[in-house]
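Colleague: I'm new to this one. Could you walk me through how to read it?

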Amino acid sequence: MRIQSVTAMEILDSRGNPTLRVNVCLEGGVTGVASVPSGASTGENEAVELRDGDKQRYGGKGVLNAVANVNDILAPALVGQDPRQQARIDRLMIDLDGTPNKAELGANAILGVSQAVARAAAQSCNLPLYAYLGGVGAVHLPVPMINILNGGKHADSSLDFQEFMIVPLGAPNFSEALRYAVETFNALKCILKAQGYATSVGDEGGFAPQLKSNDEACDLIVEAISAAGYKPGTDIAMALDPAASSFYEDGKYRLTRSGQGDKNSAEMTALYQGWIRKYPIISIEDGLAENDWSGFREHTAALGDQVQIVGDDNLVTNPRFIARAIEENSCNAALIKLNQIGTVSETIAAIHLCRKAGWGFVISHRSGETEDPFMADFAVAMGGGQIKTGSVCRSERIAKYNRLLEIERELGNAAAFGN
Ligand code: PGA
Ligand code: ZN
């Protein structure tokens, strides 16, 4: 079954910003649909998200040019291709774009097509997406990192750090892990309410209260884990994404919102070291800023044997930066976001690189999401590992968790949890 048509349209993401939905139709009527997410705390070297810049529409955030690039440039090139040749189709789009960062056609345009092609191919093979992309060995459900307190660029809270997550690593399976997380989230809500804090949520569905410090956020989470009846560290651990690039200014880490003052790289690492001793933290992502490569080396040397050091803004799912970080020992895990690099096959190449180096990897959503659960299937296809897809409220986050529940059920006794 060859590709018969490729069409894109402008839809809205979870922040109400325009994004793309792409529909790939095969001969015989099989279709694959995919939608593209969008980040707020983006890395400088991410593939380019093409926006119209026309201030008369959505404040310049429209994506009609990217839609036109799909309909007028990518579609004619893809009609007649075999959708199962994912790598070849992705390469064709990369060549048509012709830039190193997909600036010409837009990574949003290219990724939408890449994902919709994968879906259509899976359909044509009568396979669920995770089985099509991952084969018969795709039976591992990922361990979720669930973001229950939001700060930084994702909320108007008092927290400098962007994400405070819980990791139900002691659960026997994925559905139980999710239940542990929901119960802890609800316990945290009660605790916040009792202390007079707001329980409204940020972009990724975590609470966004005006706490007194980043430390208080950790204290409340540990309290919530216990209040829900779980053992901190054994049943449920913690993970952080400070997204430090967002508070790095003039060579300093400015913890302004929480009033913790300015710090250099070594002082930030010392701060994290103190927290690792005090709280059940197992993973720190973007603890330093994206261009602080020397800081990251020392950070990983100091903390890397105690916790997972995840690179996001500095690595941008790009094999080039991941290879450099492996060489320099600047991290020991990578965050994986399909839209940072812009095609399914390049994302798989980034994961292969992590695996070869013995690194961990975390499949991640963006703060601006849609109801498309593509990344849930993708995580299972890639062998489980870890997944980061927000809190346990807001439907664009829940769509991914619900899809994982569905996959777990479908796999039945064959389902495994974690690595
Ligand atoms: P973003 O945030 O999607 O706004 O970049 C997610 C993250 O930093 O991990
Ligand atoms: Zn991040």
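Modeller: Sure, we'll take the metal site, then the ligand, then the core. This is a predicted model, where local features need pLDDT of at least 70, side-chain atom pairs count only at pLDDT 80 or more, and totals for chains, interfaces and linings use all residues. Residues are numbered from 1 along each chain as its sequence is written, chains are lettered from A and ligands numbered from 1 in the order in which they are written, and side-chain values use heavy atoms, leaving out hydrogens and water.

Colleague: Which residues are the protein donors of the zinc ion (ligand 2)?

Modeller: Donors are N, O and S atoms within 2.8 Å of the metal (3.2 Å for Na, K and Ca); water is not among the atoms, so sites may look incomplete. Here they come from Asp241 (OD), Glu285 (OE) and Asp312 (OD), 2.0 to 2.2 Å from the zinc ion.

Colleague: Is Glu285 buried or exposed?

Modeller: Buried means under 20% relative accessible area, exposed over 50%, partly exposed in between (1.4 Å probe, protein chains only). Glu285 is at 2%, so it counts as buried; Asp312 is buried too, with 2%.

Colleague: What does ligand 1 have at 3.1 Å from one of its oxygen atoms?

Modeller: An N or O atom in the side chain of Glu285. For Gln162, the side-chain distance to a ligand 1 oxygen is 2.9 Å, and for Lys337 it is 3.2 Å.

Colleague: Which residues does Phe164 touch?

Modeller: Contact means heavy atoms within 4.5 Å. Not counting residues up to four places away in sequence, Phe164 touches Ile146, Leu149, Cys218 and Trp275, among others.

Terms used:
A polar contact is a pair of N or O atoms within 3.5 Å; within protein, one must be able to donate a hydrogen and the other to accept it, and residues adjacent in sequence count only if both atoms are side-chain atoms.
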